[in-house]
Amino acid sequence: MPEIKPLSPEIKKRVLQMQQNELTEYHIYTKVAGFVKNPENKATLLKIANEEHRHYQIWETFTKEKVQPIQWKVWWYTFLSVIFGYTFALKLMEGNEGDAAYNYEDIAAEIPQAQKIAEDEERHEQKLLAILDEERLQYVGSMVLGLNDALVELTGTLAGLTLALQNTKLIALSGLITGVSATLSMASSEFLSARSEGREDAFKSCVYTGIAYCITVALLVLLPYLVFDDEHYLHALGTMLVTVVLIILVFTYYISVAKDLDFKKRFWEMALISLSVAAFSFVIGLLVKEALGIDI
């Protein structure tokens, strides 16, 4: 085995950082694999974990030092895996480590193996992550259907009711009745549509659609209109619109990371449609109130 020359201080500092990152990711992949039920996905994640540990051992032979994993990162990405799914969490983690290749290139002059590790990271891990088959991502279309419909329909309905009724409790009551009815309608429509296509997962598909719709109803109706009193109905409307933008932001970001889609285009498209419908319905509510002479 050829003699390993001591590293320069700057390069050693970088290598220790890479060594710690590899060990941290090894623990993340191992922990996430521990609660994955699908045997193929579990094997994929453990394979990536072993690759990370092998890279860590290579760095250790050059630094001759032991390092500890970054515990908060292990906790954070494990938490994200539970809340948003492991595909989202792990792709987000790999995306945040995207500048690591530059570190590899910088230290390759002193450690030839660095270039090989960089190639492994690029070729193996992204390929393996791409074949993960997480159930919730199979129903993204159903969730998008429920979310989009709820955002457009409820945003318009609540904006119109705000000007027509000018009473937060009445708006909340009307919006909740509309939302529950629309949730059941949308879920049943998704079920019948999936059944007509001969899909065996029709029930799961309608459940995902219904859950997305139901969560949106709760956030848009209960949060703003039951917090503010009757006199501050415009504050409730403003809160509702901010909530709409935040829902679109979070969901679009989730989809863009998990499915490798363009974030900005999808975000602005959904936000523009929802807010345009809200503005139009707001005006309609005002006109209806004036035309019918309603004063509540």
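Biologist: What relative accessibility does R54 have?

Modeller: This is a predicted model, in which local features need pLDDT of at least 70 and side-chain atom pairs count only at pLDDT 80 or more, while totals for chains, interfaces and linings use all residues. Residues are numbered from 1 along each chain as its sequence is written, and side-chain values use heavy atoms, with hydrogens and water left out. Buried means under 20% relative accessible area, exposed means over 50%, and partly exposed lies in between (1.4 Å probe, protein chains only). R54 counts as partly exposed, with a relative accessibility of 34%.

Biologist: Which residue meets the side chain of R54 in a salt bridge?

Modeller: A salt bridge is a side-chain nitrogen of Lys or Arg within 4 Å of a carboxyl oxygen of Asp or Glu. The partner of R54 lies three residues away in helix α2 (residues 39–63), so about one helical turn separates the two. This partner is buried, at 17% relative accessible area. The N to O distance is 3.2 Å, and the partner is E51.

Biologist: Why are R14 and E10 separated by about one helical turn?

Modeller: Their side chains also meet in a salt bridge, at 3.4 Å from N to O. R14 is partly exposed at 25%, and E10 is partly exposed at 46%. They are separated by about one turn because both are in helix α1 (residues 9–34), four residues apart.

Biologist: Which residue forms a salt bridge with E60, and is that residue buried or exposed?

Modeller: Side chains of opposite charge can pair when their charged atoms come close. Here the N to O distance between E60 and K66 is 2.8 Å. E60 counts as buried at 17% relative accessibility. The partner at 67% is exposed, and its name is K66.

Biologist: How many salt bridges are there by this rule?

Modeller: Among them are R14 with E10, R54 with E51, and E60 with K66. The count comes to four.

Biologist: How many helices and strands does the chain have?

Modeller: Helices (H or I, at least four residues) and strands (E, at least two) are DSSP runs, numbered from the N terminus. Buried residues account for 45% of the 296 residues in the chain. The chain has twelve helices and zero strands.

Biologist: Which helix gives the most to the largest nonpolar core?

Modeller: A nonpolar core is a set of buried Ala, Val, Leu, Ile, Met, Phe, Trp, Tyr and Cys residues joined through side-chain atoms within 4.5 Å. The largest one has 53 residues, and those with the most contacts inside it are L45, L90, L151, L220 and Y225. A second, separate core has eleven residues, including I11, M18, F62 and A114. In the largest core, the top contribution is eleven residues, from helix α11 (residues 233–258).

Biologist: Which residues does L220 contact, leaving aside its neighbours within four places in sequence?

Modeller: Contact means heavy atoms within 4.5 Å. Across the chain, 76% of the contacts between residues at least 6 apart in sequence join residues at least 24 apart. With those neighbours left aside, L220 is in contact with L151, L154, T155, L158, Y225, M240, T243, V244 and I247.

Biologist: At what angle do helices α9 and α10 cross?

Modeller: Axes are lines fitted to C-alpha atoms, for helices over the stretch in contact, and angles run from 0 to 180 degrees between N-to-C directions. Angles under 35 degrees count as roughly parallel, over 145 as roughly antiparallel, 65 to 115 as roughly perpendicular and the rest as oblique. α9 and α10 are therefore roughly antiparallel. The axes of α9 (residues 168–196) and α10 (residues 202–225) come within 8 Å and cross at roughly 170 degrees.

Biologist: What separates the C-alpha atoms of I211 and M143?

Modeller: I211 is found in helix α10 and is partly exposed at 45% relative accessibility. I211 and M143 are 68 residues apart along the chain, and their C-alpha atoms are separated by 7.9 Å.

Biologist: What is the phi of K64?

Modeller: Most residues other than glycine have a negative phi. K64 is in the loop between α2 and α3 (71–84) and is exposed, at 60% relative accessible area. Its phi is positive, near 60 degrees.
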